[in-house]
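Thank you all for coming; I would like to walk through one structure with you this morning, taking its salt bridges, its pockets and its surface in turn. Please keep the sequence and the model in view while I speak.

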Amino acid sequence: KGTVVGPDNETSDDRYGYDVAGRNKEINQLNGQVFFKAGDEIRHKIGVSAQGGQLYNLDTRDNGTHYALAAHYELYTKGLGIKAQASKYAKFPKNAQGEDRDLITMTAYGAPYVVAAKAYMYTLSVGYTFRTKARWLQSIQLYNDFGYLQKTNKDFEDIMQNVSGCLLTMGLIFTYIDYVLGKHQAWLVPDWDAFGPGKESNSWHARFNVNI
């Protein structure tokens, strides 16, 4: 199907990267990152990132604002890798009167979601890579990734997700095998609005995933 693009059209759902959608559009955005690297055998990387811009509302014709801030750290030594990040984002849309400003619509892959307009995020990733002598298998990486999203609206449910698995490197073929466990995560639970209020499911849900 064709996609209509213009200042008065909503952001298309047919996209591969997530952006604000619905009656708001991201405009006049600026991103920046500063980091410092140190070490040889034990390598460290520490930095901060920032994003800022405006949200143009198609109904009110007014510009709201949005921003995101993050501090991140990485460590690599002898096959071990650790990544940690703490971040905050906030979106202040100038919606029409009576519309909820604690929620924002975001979209990608043909599917829009309502998302909490303000939240803190914390992530921690640990991985270890083993080199092998097999001709068909060059390395095995074991990893565990944990993420927690804390919504500032106390009436909304926070999101937790943990991914444990391994990456098999076989020449030009990469195979991920992992077990995903999540709570209030819209891609795992039956609540499509879990990124927003997240009220329909209060249980942990799991998925076994193989990606080649």
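Glu10, Arg23 and Asp59 are linked in a network of salt bridges, where a salt bridge is a side-chain nitrogen of Lys or Arg within 4 Å of a carboxyl oxygen of Asp or Glu. Before I go through the network, please note that this is a predicted model, in which local features need pLDDT of at least 70 and side-chain atom pairs count only at pLDDT 80 or more, while totals for chains, interfaces and linings use all residues. Residues are numbered from 1 along each chain as its sequence is written, and side-chain values use heavy atoms, with hydrogens and water left out.

The side chains of Glu10 and Arg23 meet at 3.0 Å, N to O. Glu10 lies in the segment before β1 (19-20) and Arg23 in the loop between β1 and β2, so this pair ties together parts that are 13 residues apart in sequence; strands, I should add, are DSSP runs of E with at least two residues, helices are runs of H or I with at least four, and both are numbered from the N terminus. Arg23 also meets the side chain of Asp59, at 2.9 Å, N to O. That second pair links distant parts of the chain, with Asp59 in the loop between β3 and β4 and Arg23 in the loop between β1 and β2, 36 residues apart.

How exposed are the members of this network? Glu10 is partly exposed at 39% relative accessibility, Arg23 is partly exposed at 32%, and Asp59 is partly exposed at 37%, given that buried means under 20% relative accessible area, exposed over 50%, and partly exposed in between, with a 1.4 Å probe and protein chains only.

The structure holds 4 salt bridges, and one of them joins the side chains of Lys199 and Glu157 at 3.8 Å, N to O. Here Lys199 lies in the loop between β11 and β12 and Glu157 in the loop between β9 and β10, 42 residues apart. Lys199 is exposed, with a relative accessible area of 54%, whereas Glu157 is partly exposed at 27%.

Let me turn to the pockets. On a 1 Å grid over the protein atoms alone, a pocket is an open set of points with protein on both sides within 12 Å along at least five of seven lines, a cavity is a set where a 1.4 Å probe fits but cannot get out, and lining residues have an atom within 4 Å of a point. A volume is the space filled by probe spheres set on the points, which are joined across faces, edges and corners.

The largest pocket holds about 1,000 Å³ of space, and its lining counts 36 residues, with Tyr89, Met106, Val115, Met121 and Leu149 nearest the centre. Strand β9 gives the most to this lining, namely 6 residues. By class, the lining has 19 nonpolar, 11 polar and 6 charged residues, where Ala, Val, Leu, Ile, Met, Phe, Trp, Tyr, Cys and Pro count as nonpolar, Asp, Glu, Lys and Arg as charged, and the others, Gly among them, as polar.

The second largest pocket has a volume of about 290 Å³. Of its 18 lining residues, Tyr76, Gly81, Lys83, Gly127 and Gln141 are the closest to its centre, and β4, β5, β8 and β9 are the elements that give two or more residues to the lining. The largest share, 5 residues, comes from β8, and the lining divides into 6 nonpolar, 7 polar and 5 charged residues.

What about enclosed space? A search of the whole structure finds 1 cavity of 30 Å³ or more, and Asp102, Ala116, Lys118, Thr152, Asn153 and Phe156 line the largest cavity.

Finally, two points of backbone geometry. Most residues other than glycine have a negative phi. Arg61, in the loop between β3 and β4, has a positive phi near 65 degrees and is partly exposed, with a relative accessible area of 47%. Tyr109, in the loop between β6 (103-108) and β7, likewise has a positive phi, of about 55 degrees, and Tyr109 is exposed, with a relative accessible area of 56%.
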